[in-house]
Amino acid sequence: PCRAILSHGASAGAMAYAHGKPSPQAACHNHNVGRLHEASTTFLLCDVQEKFRGVIDQMPRVIEASKAMLAAAKVMAIPVIVTEQYPKALGHTVPELDVSEAKVFEKTQFSMYTNEFAHYLGGLDRKDAILFGVETHVCVQQTALDLMDRGIQVHVLADGVSSQRPMDREIALDRLRQAGCYVTTMESVLFELLRSKDAPEFKAISGIVKAYGENLKKLKPYVAEAVL
């Protein structure tokens with residue numbers, strides 16, 4: 001149907017636009033543009049654990065983005081799910097991140113999408129997931145693909161994910177784009193959820209974003225120390 005509509009050219013669309021109505025072309029293209037809404041969104045924090053601190057490229061930046069997302073979740077009352085990969089060996093979530101109000105699952109598989117995770121997420125009845133953590137090309141990527149396989153719309157934070165090697169991160173983000181995942185940033189997501197400066201959470205979220213920016217300025221150039 002979209003192809004048939006578009007074959008008629010731009011005149012019908014222009015006429016509809018002139019009357020303040022969305023054109024048929026727009027209806028075809030905008031069936032899913034990845035819009036986010038507070039009531040349908042869940043934040044997913046993947047494996048930001050102590051053992052990874054010294055081996056993940058730009059780990060302090062991942063922690064700062066994650067900290068901002070957790071703070072925003074409290075302001076917006078958005079549920080947060082956290083996973084920890086084999087914490088017996090890799091430690092728990094880094095202490096800078098307060099996950100006391102989040103649902104935390106331990107796992108040994110790479111994807112966050114364990115049976116327990118799936119059951120809990122299903123109970124939330126939310127169709128959009130904001131995903132951040134490590135490593136981009138392993139646990140983050142597999143989680144995103146599992147979620148998309150099950151009809152969940154996934155947004156991955158480019159400034160909230162990383163890997164030991166920068167190339168692995170970049171290739172993983174490219175693959176996720178190809179698979180239909182939305183690659184975005186922390187600030188973009190938060191202001192899209194707000195929609196307007198008139199939103200009651202605007203002042204608090206603006207403060208979180210400002211603090212995030214200031215914290216990034218304080219970070220020293222960072223290079224991973226070793227490879228696991």
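Strand S2 (residues 80-85) and S3 pair in the parallel sense, over 5 bridges. One link in this pairing joins Glu 84 to Glu 106 in S3. The model is predicted.

**The sheet**

S2 and S3 belong to an open sheet of 6 strands. The order is S3-S2-S1-S4-S5-S6, and the pairing is parallel. Strand S3 (103-107) and strand S6 (182-184) stand at the edges. Each has a single partner strand, so one side of each is left without a neighbour in the sheet. On average, neighbouring strands are turned by 25° against each other, direction ignored.

The table lists further pairings of this sheet.

| Strand pair | Bridges | Residues standing opposite or bridged |
|---|---|---|
| S1 and S2 | 4 bridges | Leu 44 and Ile 81 |
| S1 and S4 | 6 bridges | Thr 42 and Ala 129 |
| S4 and S5 | 6 bridges | Leu 131 and Val 156 |
| S5 and S6 | 3 bridges | His 155 and Tyr 182 |

**Strand S1**

S1 is mostly covered: 6 of its 6 residues are buried. In a regular strand, side chains alternate between the two faces of the sheet. Thr 41, Phe 43 and Leu 45 point one way from S1. Thr 42, Leu 44 and Cys 46 point the other way. Both sets are buried.

**Crossovers**

How does the chain get from strand to strand? S1, H4 and S2 make a right-handed β-α-β unit. Helix H4 (residues 59-76) lies across strand S1 (41-46), S2, strand S4 (128-134) and strand S5 (153-162). H4 runs at about 135° to S5.

S5 is largely enclosed by the rest of the structure, because 9 of its 10 residues are buried. The chain reaches S5 from S4 through helix H7 (residues 136-149), in a right-handed β-α-β crossover. From S5, the chain then crosses through helix H8 (residues 166-179) to S6. That β-α-β crossover is also right-handed.

**Two cores**

Which residues of the largest nonpolar core touch the most other members? They are Phe 43 and Met 69, in a core of 40 residues. The elements that give two or more residues to this core are S1, H4, S2, S4, helix H9 (186-194) and helix H10 (202-218). H4 gives the most, with 10 residues.

Met 69 has a wide set of partners along the sequence. Leaving out residues up to four places away in sequence, Met 69 touches Phe 43, Ile 130, Phe 132, Leu 157, Met 186, Val 189 and Leu 190. A second core is separate and has 22 residues. Its members include Cys 46, Leu 131, Val 161 and Leu 173.

**Helix H9**

Several of the residues that Met 69 touches, including Met 186, Val 189 and Leu 190, are buried in H9. Glu 192, Leu 193 and Leu 194 of H9 are buried too. The buried residues of H9 pack against S1, H4, S4, S5, S6 and H10. Just after H9, Arg 195 takes a positive phi of about 75°.

**Cysteines**

How many disulfides does a search of the whole structure find? The search finds 0. Cys 46 shows why one such pair fails: its sulfur is 4.9 Å from the closest cysteine sulfur, in Cys 139, which is too far for a bond. Cys 46 counts as buried because its relative accessibility is 0%. Cys 181 is buried as well, with a relative accessible area of 6%.

**A loop residue**

Glu 101 is found in the loop between helix H5 (87-90) and S3. Is Glu 101 buried or exposed? Glu 101 is exposed, with a relative accessible area of 64%. Glu 101 and Leu 70 are 31 residues apart in sequence. In space, they are 9.4 Å apart, C-alpha to C-alpha.

**The protein as a whole**

The protein has 10 helices and 6 strands. Buried residues make up 46% of its 228 residues. Take the contacts between residues at least 6 apart in sequence: 77% of them join residues at least 24 apart.

Terms used: Residues are numbered from 1 along each chain as its sequence is written. This is a predicted model: local features need pLDDT of at least 70, side-chain atom pairs count only at pLDDT 80 or more; totals for chains, interfaces and linings use all residues. Side-chain values use heavy atoms; hydrogens and water are left out. Two strands pair if DSSP finds at least two bridges between them. Axes are lines fitted to C-alpha atoms, for helices over the stretch in contact, and angles run from 0 to 180 degrees between N-to-C directions. Contact means heavy atoms within 4.5 Å. Buried means under 20% relative accessible area, exposed over 50%, partly exposed in between (1.4 Å probe, protein chains only). A crossover is right-handed if, with the strands pointing away from the viewer, the path from the first strand over the helix to the second runs clockwise. A nonpolar core is a set of buried Ala, Val, Leu, Ile, Met, Phe, Trp, Tyr and Cys residues joined through side-chain atoms within 4.5 Å. A disulfide is a pair of cysteine sulfur atoms within 2.5 Å.
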